Amino acid sequence: MNVNQSAPPVPPFGQPQPVYQGYHQSSYGGQPGSTAPTTSYGAYNGPVPGYQQTSPPGVSRAPPSSEAPPASTAQAPCGQAAYGQFGQGDVQNGPSSTVQMQRFPGSQPFGSVPLTPVVSQPTVLQPYGPPPTSAQVTAQLAGMQISGAVAPALPPVGLGYGSPASLASASGSFPNPGLYGSYPQGQAPPLSQAQGHLGAQPPQRSAPPQASTFTSPASGGPRMPSMTGPFLPGQGFGGPSLSQPNHVSSPPPQALPPGTQMTGPPGPPPPMHSSQQPGYQLQQNGSFGPARGPQPNYGSPYPGAPTFGSQPGPPQPLPPKRLDPDAIPSPQLNELPPQQKTRHRIDPDAIPSPIQVIEDDRNNRGSEPFVTGVRGQVPPLVTTNFLVKDQGNASPRYIRCTSYNIPCTSDMAKQAQVPLAAVIKPLARLPPEEVSPYVVDHGESGPLRCNRCKAYMCPFMQFIEGGRRFQCCFCSCINDVPPQYFQHLDHTGKRVDAYDRPELSLGSYEFLATVDYCKNNKFPSPPAFIFMIDVSYNAIRSGLVRLLCEELKSLLDFLPREGGTEESAIRVGFVTYNKVLHFYNVKSSLAQPQMMVVSDVADMFVPLLDGFLVNVSESRAVITSLLDQIPEMFADTRETETVFAPVIQAGMEALKAAECAGKLFLFHTSLPIAEAPGKLKNRDDRKLINTDKEKTLFQPQTGAYQTLAKECVAQGCCVDLFLFPNQYVDVATLSVVPQLTGGSVYKYACFQVENDQERFLSDLRRDVQKVVGFDAVMRVRTSTGIRAVDFFGAFYMSNTTDVELAGLDGDKTVTVEFKHDDRLNEESGALLQCALLYTSCAGQRRLRIHNLALNCCTQLADLYRNCETDTLINYMAKFAYRGVLNSPVKTVRDTLITQCAQILACYRKNCASPSSAGQLILPECMKLLPVYLNCVLKSDVLQPGAEVTTDDRAYVRQLVTSMDVAETNVFFYPRLLPLTKSPIESATEPPAVRASEERLSNGDIYLLENGLNLFLWVGASVQQGVVQSLFNVSSFSQITSGLSILPVLDNPLSKKVRGLIDSLRAQRSRYMKLIVVKQEDKLEMLFKHFLVEDKSLSGGASYVDFLCHMHKEIRQLLS
Ligand SMILES: [Zn+2]
């Protein structure tokens, strides 16, 4: 499996435990577990108003109740799947060009700069008669990315990325024409989405005046060999049109006479076709690899070695592509307004394929370890399974960047608009083959740091004066080397002990922190876990409370621990609640647990200290007794109201009283409407969607939770929230505290034990067992010239530099954006150092340091050659998802589109050959940017379907905020795996296919996953034997739609499919519940929502449409 994917379920660090998926035993450097003293609690002193001590739970069976059982007021039907997608929505995909990028003002040189090369030789560019516009666009599109694919960013050999040595000179956009014969052509690009520029709508076929959109002089360029023919009026091939804005209704550009010779790259003679002639010939460009079968069922997914641009090769003229009926121009269509011609399609095989890029990277980079010794190396993709050898820079598992080559000046950066950001996962888990960071102990003096900027000792510090001093690589300050750290230098100026010291030779390592790094100058106590269980009517009725209590009895044996210790240092406590809170004394000396009720929720306090937080093994009998009794105690409850903020307050106060950090596990079912601080009202209002007030749906309805979160962070109290709602619970508000404390939110709508227990228990086990750093502060230092300016993730910041995390686990990332504050130097490059100060599960205070050196460039081409699109998308999604808190969703979408267009236009203008202005040329590293960005744009947060609830959107919004690059990659572009195409015996995962309905064959079965959802789609014509083998029924019609568990059958196919499902789940940080979907069944609508290359019911553009739209945007910028 892909170790590079998100968290493997198998413990990377330690021994797998039976029963549980894995106990993530930390083995940081093999340090013995800390034996930090356990704090003994002072006896609870003083009278406490408002609590009554009750007899053991068994006696008091009836908790306060105030109401009759809930009238089911469900307003959001259950049953609906997490992300519905029916319905329409905003059909607007388009950008209004009027929306400007907000974050990078002042950038835009395009537009105003004449494209002189093109102008100077306009006729050269018109090789053939202008094809009908639409067809031309098709051709252009095809041509473009091809050029991008091969020419500019072309790596020297086979690799997906150019080496630093490969230069911009390679990036002509007109690669050897021999490489690019002609391209497959589909049909008129559907530009229907481009509302907002009606006047500027590209004419699809004739429509003279509008034809300029896709027919700038350059557009007839050499890359569009496939059609010639009579000129249609209005197609702008002449140089003059260049000066005209493409979109504004400009005077009809001049057309060149047919037959204009092109001096571009020679190539196979283009077929000549009349634009009126149906079925003009299509040709496949060699660089796209072998032509795939025209049929959607992708007969052979990867015939031959795909060479989608990643490997230069000889031209391979290929047989004509299929003729899509829709691609045949008809005169009638010419009469139609552009909006009605959207059925015309570009051949999907001719546009950059995520599957191909992923496969190529796997093939090219999966076999060799990624060695981090070289500055500015672009790592393999997150979808590639590779090992990392730390030789001085942090592993890409810890840090991934949008670009590994940073522009030297802010002007360049503004011009390119490529966000400079790093996605940092400081506590990322590693595969077993890789070594966890070593722990360095510098004794009482603590870690060695620069006196001025406080950066930590790292491999880039320069020792001078025979080793007596060192110059800081971040701020250039000269520091004395303390005597105890002195070491001689070798003839190269390197310390002779460099390879014996992790901090001098590795990208990642840890320091033991001294007491100076501890709160109140006191070493921390081990953390505590407090389980806080909603016992209101809904929680009891659904079976949740009984299930949870039963599970906790065994799960408590698997609390995180460190370095070979037998027992976890973490103490536990228990609270149940509805409108009031029940604390439990589970002190080991008690025969039975004792319950204390606090009904004064307005002024929360903790009624007991001694006996509340206990060691599991010492108090096992009492805890077990308590967990047995809780479901019984509340079995007859009629209480439906709950409180929420007081529960968190109570947990935080308990940690404060115990003087430790810790985590609260809240299991909560309903909107907290009981009278108490943090009381909420139902303010869900779908009518706000697509209005300026839509943002309020994402904002918390009260500021009380931010205030509470701030207190939690100060105490190192992290909150994990498990939600079991039957209706709207206001996730946007309830998730504020988890979000700001570095916690997680899980949501199980309409929870029923029989259907959802596996998913819930799996998530719970993983969540409880995972290693967490508590009471953490993260600081990112940079070398002179750039600095961290913005942060995205689940944390709190009280100043502009310190990221405060009450808790941080191995799944969470912090995305950091950088800006220039000075000029960078190509020679010295740029350095990042991420320092995370945290308390380990055993209560040890540590610093984890990650260092990364990046290249700097004075040529934009170097920037574009060293970008990582997956990381860009991670950043852009987080940027957009934060943006919806403050701006209308449409504005956020437009901003993304504009930024993407600017990035690509800058490349086109500065890095690609100037003679091909009409073509869409994508940098090799960014050729998937449009398809992935489109997935972000049409995601539920930015463009919800009718069935997506407000809570779903808020939930996804906060989830994405902490996702790593692998998670955002699969979340936005789901993986679709055909199950019966490859031999059953094949042990490897079947190659994925593109997420489009066209790729589904009704005779096959597919798995689709996106990290949260998992579908098994069954085609209607699947062989009976297959149906029997998998479902144990005799025909397709007998398969139960919506089935979530496959029968365990003893045959190879069943074993293989179930094994594959297990392995997919193992790769993800959350359990994916299976849903079986039959072709043509109503559930299929849900499934189709995830076929992200297709047009979505909520109005999201298809990939092809979006690419056309993006092309238009770029051309507008370039004109
Ligand atoms: Zn310094």
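**A walk through the predicted model**

Threonine 383 is found in the loop that runs between β2 (370-371) and β3 (388-389). The model is a predicted one, and this loop residue makes a handy way in. At 5% relative accessibility, threonine 383 falls below the 20% cut-off and therefore counts as buried. Glutamate 359 sits 24 residues away from threonine 383 in sequence, and the two are 8.8 Å apart in space, taken C-alpha to C-alpha.

Stepping back, the protein chain is built with 24 helices and 28 strands. Of its 1119 residues, 66% are buried. Among contacts between residues at least 6 apart in sequence, 78% join residues that are at least 24 apart. As for the outside, the chain has an accessible surface of about 36600 Å², and carbon and sulfur atoms account for 53% of that.

Next come the aromatic rings. The structure holds 30 aromatic pairs. One of them joins phenylalanine 722 and tyrosine 746, whose rings are stacked, at 4.5 Å centre to centre and with 10° between the planes. Phenylalanine 722 belongs to strand β17 (residues 717-723) and tyrosine 746 to strand β18 (residues 745-747), so this pair ties together parts of the chain that are 24 residues apart in sequence. Both partners are tucked away: phenylalanine 722 is buried at 0% relative accessibility, and tyrosine 746 is buried with a relative accessible area of 3%. Tyrosine 748 and phenylalanine 751 make another pair, with ring centres 6.4 Å apart; their planes meet at 75°, so this one is edge-to-face. Tyrosine 748 and phenylalanine 751 are both buried as well. These four rings belong to a cluster linked by ring pairs, which consists of Phe667, Phe722, Phe724, Tyr746, Tyr748, Phe751 and Phe760.

Rings also turn up beneath charged side chains. Lysine 747 has its charged end over the ring of tyrosine 955, at 5.5 Å from the ring centre. Elsewhere, arginine 495 lies over the face of phenylalanine 463, and here the distance to the ring centre is 4.8 Å.

What about the nonpolar interior? The largest nonpolar core takes in 154 residues, and the members that touch the most others are Leu581, Phe583, Tyr864, Leu942, Leu1007 and Phe1031. Helix α17 (residues 889-910) supplies the largest share of this core, namely eleven residues. Leucine 1007 shows what such a well-connected member looks like up close. Setting aside neighbours within four places in sequence, leucine 1007 is in contact with a string of leucines, namely Leu976, Leu977, Leu979, Leu1014, Leu1016, Leu1060, Leu1064 and Leu1074, along with Arg975, Phe1015 and Ile1061. There is also a second, separate core, made up of 49 residues, with Ile540, Leu556, Leu559 and Cys841 among them.

The tour ends at another loop. Serine 1069 lies between α22 (1052-1066) and β28 (1073-1078). With 13% relative accessibility, serine 1069 counts as buried. Its side chain joins that of glutamate 967 through a polar contact of 2.8 Å. Serine 1069 and threonine 383 thus give two cases of a loop residue that is buried, the former at 13% and the latter at 5%.

Methods:
Residues numbered from 1 in each chain as written. Predicted model: local features only at pLDDT ≥ 70, side-chain atom pairs only at ≥ 80, totals over all residues. Heavy atoms only, no water. Helix = DSSP H or I, 4+ residues; strand = E, 2+ residues; numbered from the N terminus. Buried < 20%, exposed > 50% of the residue type's maximum accessible area, 1.4 Å probe, protein only. Contact = heavy atoms within 4.5 Å. Areas by Shrake-Rupley, 256 points an atom, 1.4 Å probe, with all protein chains shown as cover. Phe/Tyr/Trp six-rings, centres within 6.5 Å; stacked < 30°, edge-to-face > 60°. Lys NZ or Arg CZ within 6 Å of the ring centre and 35° of its normal. Core = buried A, V, L, I, M, F, W, Y, C linked by side-chain atoms within 4.5 Å. Polar contact = N/O pair within 3.5 Å; in protein donor to acceptor, adjacent residues only side chain to side chain.
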